[in-house]
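These are my notebook entries, written while looking through one structure piece by piece. I kept them in the order in which I looked things up.

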Amino acid sequence: MTTEDHWATVAQLSDLAEGEVLGVELGDKQIALYNVGGTIHATDNICTHAFALLSDGWLDGDVIECPLHAGRFNVCTGKALGPPVEQDIPVFAVRVVGNDIQVKAG
Ligand code: FES
């Protein structure tokens, strides 16, 4: 992991095919990366309902379904899409530089 101007490289674009989700760590944060139609999005990886990693769930378009109780979030906005999840998931600024997927640190 390298940092430059608060952007941290957390994965390689070649490791995240379209329609896939990937869990990465940045410091003490767990982050889920999503490839939605070639655009990368990043959210907190830990579901806001209980403890489950969204990167173990299922990505359908721009919606991630939690593997534990099937809560769903929009991965672009972080919006919780209905019970059992009530609290939105934090989203992170993300950019692609060459083959590097970078998340805004801090
Ligand atoms: S832990 Fe994600 S929906 Fe319950």
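**Entry 1: a residue pair in the small sheet.** I began with Asp 60, and I found that this residue stands opposite Val 63 in β7. The model I am reading is predicted, and I keep that in mind for every entry below. Strand β6 and strand β7, which covers residues 63-65, pair in the antiparallel sense over three bridges. I then asked what order the strands of this sheet have. The order is β6-β7-β8 in an open sheet of three strands, and the pairing is antiparallel. The edge strands are β6 (58-60) and β8 (72-74), since I noted that each of them pairs on one side only. Neighbouring strands of this sheet are turned against each other by 25 degrees on average, with direction ignored.

**Entry 2: the other open sheet.** Next I looked up a sheet of four strands, which is also listed as open and antiparallel, with the order β3-β4-β5-β9. Its edge strands are β3 (21-26) and β9 (91-92), each of which pairs on one side only. Within this sheet I followed strand β4 (residues 29-36) and strand β5 (residues 39-44), which run antiparallel and are joined by six bridges. As one residue pair to find on the screen, I chose Leu 33, which stands opposite Ala 42 in β5. The hairpin of β4 and β5 has two residues between the strands, and there Gly 37 takes a positive phi near 60 degrees. On its way to the edge of the sheet, I checked how β5 and β9 pair, and I found the antiparallel sense again, over two bridges. The bridge partner of Thr 43 in β9 is Val 91.

**Entry 3: backbone values that caught my eye.** I reminded myself that most residues other than glycine have a negative phi, and that most peptide bonds are trans. With that in mind I looked at Ala 70, whose phi is positive, near 65 degrees, although the residue is not a glycine. Ala 70 lies in the loop between β7 and β8, and at 38% relative accessibility this residue counts as partly exposed. I then turned to the peptide bond from Pro 83 to Pro 84, which is cis, with omega near 5 degrees. Pro 84 has its place in the loop between β8 and β9.

**Entry 4: a loop residue and its contacts.** Is Ser 55 buried or exposed? I found that Ser 55 counts as buried, because its relative accessibility is 17% and the cut-off for buried is under 20%. Ser 55 is found in the loop between β5 and β6. Leaving aside neighbours within four places in sequence, Ser 55 is in contact with Val 21, Leu 22, Gly 23 and Asn 45. Of these, I looked further at Gly 23, which is 32 residues away from Ser 55 along the chain, while their C-alpha atoms are separated by 5.2 Å.

**Entry 5: a threonine in a strand.** I looked up Thr 9, which has its place in strand β2 (residues 7-12). Thr 9 is buried, with a relative accessible area of 12%, and a polar contact of 3.1 Å joins its side chain to that of Gln 102.

**Entry 6: the cysteines.** How many disulfides does the structure hold? I found zero. For Cys 76 I could write down a reason, because the closest cysteine sulfur, in Cys 47, is 17 Å from its own sulfur, too far for a bond. Cys 76 is partly exposed, with a relative accessible area of 35%, whereas Cys 66 is buried, with a value of 3%.

**Entry 7: the nonpolar cores.** I recalled that in soluble globular proteins nonpolar side chains tend to be buried together. The largest nonpolar core has 15 residues, and those that touch the most other members are Tyr 34, Cys 47, Leu 54, Ile 64, Phe 73 and Val 75. Strand β4 gives the most to this core, with three residues. I followed Cys 47 one step further and, apart from its neighbours within four places in sequence, found this residue in contact with Ala 52, Leu 54, Cys 66, Phe 73, Val 85 and Ile 89. A second, separate core has 13 residues, among them Ala 11, Leu 26, Leu 33 and Ala 42. Here I met Leu 33 and Ala 42 again, the pair I had noted as standing opposite each other.

Terms used
Residues are numbered from 1 along each chain as its sequence is written. This is a predicted model: local features need pLDDT of at least 70, side-chain atom pairs count only at pLDDT 80 or more; totals for chains, interfaces and linings use all residues. Side-chain values use heavy atoms; hydrogens and water are left out. Two strands pair if DSSP finds at least two bridges between them. Axes are lines fitted to C-alpha atoms, for helices over the stretch in contact, and angles run from 0 to 180 degrees between N-to-C directions. Buried means under 20% relative accessible area, exposed over 50%, partly exposed in between (1.4 Å probe, protein chains only). A polar contact is a pair of N or O atoms within 3.5 Å; within protein, one must be able to donate a hydrogen and the other to accept it, and residues adjacent in sequence count only if both atoms are side-chain atoms. Contact means heavy atoms within 4.5 Å. A disulfide is a pair of cysteine sulfur atoms within 2.5 Å. A nonpolar core is a set of buried Ala, Val, Leu, Ile, Met, Phe, Trp, Tyr and Cys residues joined through side-chain atoms within 4.5 Å.
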